[in-house]
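Work through these exercises with the structure open beside you. Try each task before you read its solution.

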Amino acid sequence: MVALSGVSRRKRLALLCTAGFLISLVLSYLFAIRYIENQRRAEKEALHERVIEQFSHVPTAQCAMLRSNASENAHPDAGNAQAAPLVPGTDQLRPGNRLLTYNAACPVPKHTLNIGLVVTVTGRYMQFFKRFSTSAGSFFFPNHNVTIFVFTDQPLPPLDWGEISPTVKAIPKTRLPWPYDSLMRFGTLLQHAKEFEGMDYLYALDVDFAFNTYVCEDFLADLVGVQNGYHPGTKGTPDHNPASTAFIAPGTNTHYYAGGVYGGKHGRVFQVAEAVHSNIMTDMRNRVMALWHDESHLNRYFVDHPPSITLSAEYCYMPYTKWVPLVHSYAELGVVVPRIVHYEYLKADLREEYV
Ligand SMILES: CC(=O)N[C@H]1[C@@H](OP(=O)(O)OP(=O)(O)OC[C@H]2O[C@@H](n3ccc(=O)[nH]c3=O)[C@H](O)[C@@H]2O)O[C@H](CO)[C@H](O)[C@@H]1O
Ligand SMILES: [Mn+2]
């Protein structure tokens with residue numbers, strides 16, 4: 001009897017020790033999780049502050065000066081794009097017949113324009129740059145002077161151009177984790193306003209796009225917006241959060257625009273950038289992030305100031321999204337020519353959230 005109670009006391013003690021050990025294990029696990037979460041929150045907050053600091057002082061006076069220099073008269077060639085026989089696959093660049101082919105698609109201009117193509121390429125997105133820039137060299141305004149402005153944190157790969165090589169200008173920038181490199185593209189443009197002096201038109205595109213056929217005079221307008229290829233012909237996914245300056249009341253937008261492709265006259269693009277960047281900074285200071293970042297803000301701007309032309313999803317063509325093929329719904333909407341293709345389905349985990 002005495003022995004048994006001794007054993008059970010030992011057992012009880014052992015049980016107690018085991019329970020104590022397990023409880024302390026669970027507690028230290030919870031404590032560690034909490035600690036890591038706090039660290040992450042602090043890192044995120046520090047990053048957010050750093051971005052605010054970096055983009056608080058954009059030289060808007062300089063932009064205003066550049067804007068006043070930019071001609072506000074419509075370009076005589078705008079909207080004169082000939083109805084080119086653009087059938088997918090048939091008008092691709094072939095050695096030797098380039099001039100003929102592009103003359104058919106892009107008219108010989110009355111005045112040659114300086115056209116800037118602006119792109120941000122940081123981190124692992126560099127893998128898209130070759131396809132983006134060489135396709136631009138072939139198909140983006142081959143009848144005008146094109147300069148590709150590349151905001152980047154790394155050296156550019158050597159490029160193999162066709163007959164006409166655009167000027168490529170790398171502008172160093174430090175990489176910011178997702179979503180800031182995308183979100184702060186308007187601010188980056190403003191910070192480097194001087195680089196774009198002499199440009200008549202500016203177009204800002206994602207680097208995971210490629211030109212599949214000629215894009216020229218159809219793109220010439222004061223302000224060009226493109227229907228988002230994810231949401232062809234619908235009101236898409238605007239931000240309904242009233243706390244954000246990107247807020248759009250349900251049903252009030254007519255189109256849903258792509259954040260990754262817009263452009264127009266130099267001065268007009270800078271007006272857009274100033275207004276949108278100012279809203280983005282307000283949200284940043286209020287610790288609000290719009291649903292689709294810069295895209296939500298651009299959509300808000302376009303509700304207030306509709307672009308002079310809205311192009312179809314042919315200019316933001318997504319053969320596949322990460323999840324589903326979209327081509328079928330395109331065909332129903334009459335979107336048949338993939339002019340600018342978004343290769344987002346090739347994007348595995350390219351985004352790097354933290355430094
Ligand atoms: C086709 C289209 O309308 N895409 C928009 C959409 O998502 P996307 O999924 O197309 O965004 P994304 O991953 O292509 O990022 C936008 C762009 O930012 C640049 N980048 C991004 C991350 C990085 O680490 N390094 C880098 O260089 C790069 O040019 C990239 O193409 O929504 C985004 C905001 O959520 C942007 O508005 C995109 O323009
Ligand atoms: Mn993209």
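**Exercise 1.** How are the donor residues of the manganese ion (ligand 2) spaced in sequence?

*Solution.* Keep in mind that this is a predicted model.
Step 1: Find the donors. The manganese ion (ligand 2) is coordinated by Asp206 (OD), by Asp208 (OD), listed twice, and by His342 (NE2). The distances run from 2.2 to 2.4 Å.
Step 2: Write the spacing. The pattern is D-x1-D-x133-H.
Step 3: Place two donors on the chain. Asp208 sits in the loop between β4 (201-205) and β5 (209-211). His342 belongs to strand β9 (residues 340-342). The two are 134 residues apart, so this pair links distant parts of the chain.
Step 4: Check burial. Asp208 and His342 are both buried.

**Exercise 2.** Classify the site of the manganese ion (ligand 2) from the angles among its donor atoms.

*Solution.*
Step 1: Count the donor atoms. There are six.
Step 2: Recall the rule. Six donors count as octahedral if opposite donors are over 155 degrees apart and all others between 65 and 115.
Step 3: Compare. The angles here span 54 to 173 degrees. The site is irregular.

**Exercise 3.** Describe the surroundings of ligand 1.

*Solution.*
Step 1: Count the shell. 24 residues surround ligand 1. The closest are Thr120, Thr122, Tyr125, Asp206 and His293.
Step 2: Sort the shell by type. Eight residues are nonpolar, eight polar and eight charged.
Step 3: List polar contacts to oxygen atoms of ligand 1. The side chain of Tyr125 has an N or O atom at 2.6 Å. For the side chain of Asp294, the distance is 2.8 Å. A polar side-chain atom of Asp208 lies at 3.0 Å.
Step 4: Judge the cover. Ligand 1 alone exposes 720 Å², and the protein buries 96% of that.
Step 5: Name the elements that give two or more residues to the shell. They are β1 (114-121), β7 (257-265) and α8 (293-304).

**Exercise 4.** Phe141 has a positive phi. Is Phe141 buried or exposed?

*Solution.*
Step 1: Read the angle. Phi of Phe141 is near 40 degrees, and Phe141 is not a glycine.
Step 2: Locate Phe141. The residue is in the loop between α4 (129-139) and β2 (145-152).
Step 3: Apply the cut-off. Buried means under 20% relative accessible area. Phe141 has 0%, so Phe141 is buried.

**Exercise 5.** Which peptide bond is cis, and where is its proline?

*Solution.*
Step 1: Look at omega. A cis peptide bond joins Trp178 and Pro179, with omega about 5 degrees.
Step 2: Place the proline. Pro179 is in the loop between β3 (167-172) and α5 (180-183).

Terms used:
Residues are numbered from 1 along each chain as its sequence is written. Chains are lettered from A and ligands numbered from 1 in the order in which they are written. This is a predicted model: local features need pLDDT of at least 70, side-chain atom pairs count only at pLDDT 80 or more; totals for chains, interfaces and linings use all residues. Side-chain values use heavy atoms; hydrogens and water are left out. A residue is near a molecule or strand if one of its heavy atoms lies within 4 Å of it. A polar contact is a pair of N or O atoms within 3.5 Å; within protein, one must be able to donate a hydrogen and the other to accept it, and residues adjacent in sequence count only if both atoms are side-chain atoms. Accessible areas come from the Shrake-Rupley method with a 1.4 Å probe; for residues, only the protein chains shown count as cover. Helices (H or I, at least four residues) and strands (E, at least two) are DSSP runs, numbered from the N terminus. Ala, Val, Leu, Ile, Met, Phe, Trp, Tyr, Cys and Pro count as nonpolar, Asp, Glu, Lys and Arg as charged, and the others, Gly among them, as polar. Buried means under 20% relative accessible area, exposed over 50%, partly exposed in between (1.4 Å probe, protein chains only). Donors are N, O and S atoms within 2.8 Å of the metal (3.2 Å for Na, K and Ca); water is not among the atoms, so sites may look incomplete. Four donors count as tetrahedral if all angles lie between 85 and 135 degrees; four count as square planar and six as octahedral if opposite donors are over 155 degrees apart and all others between 65 and 115; anything else is irregular.
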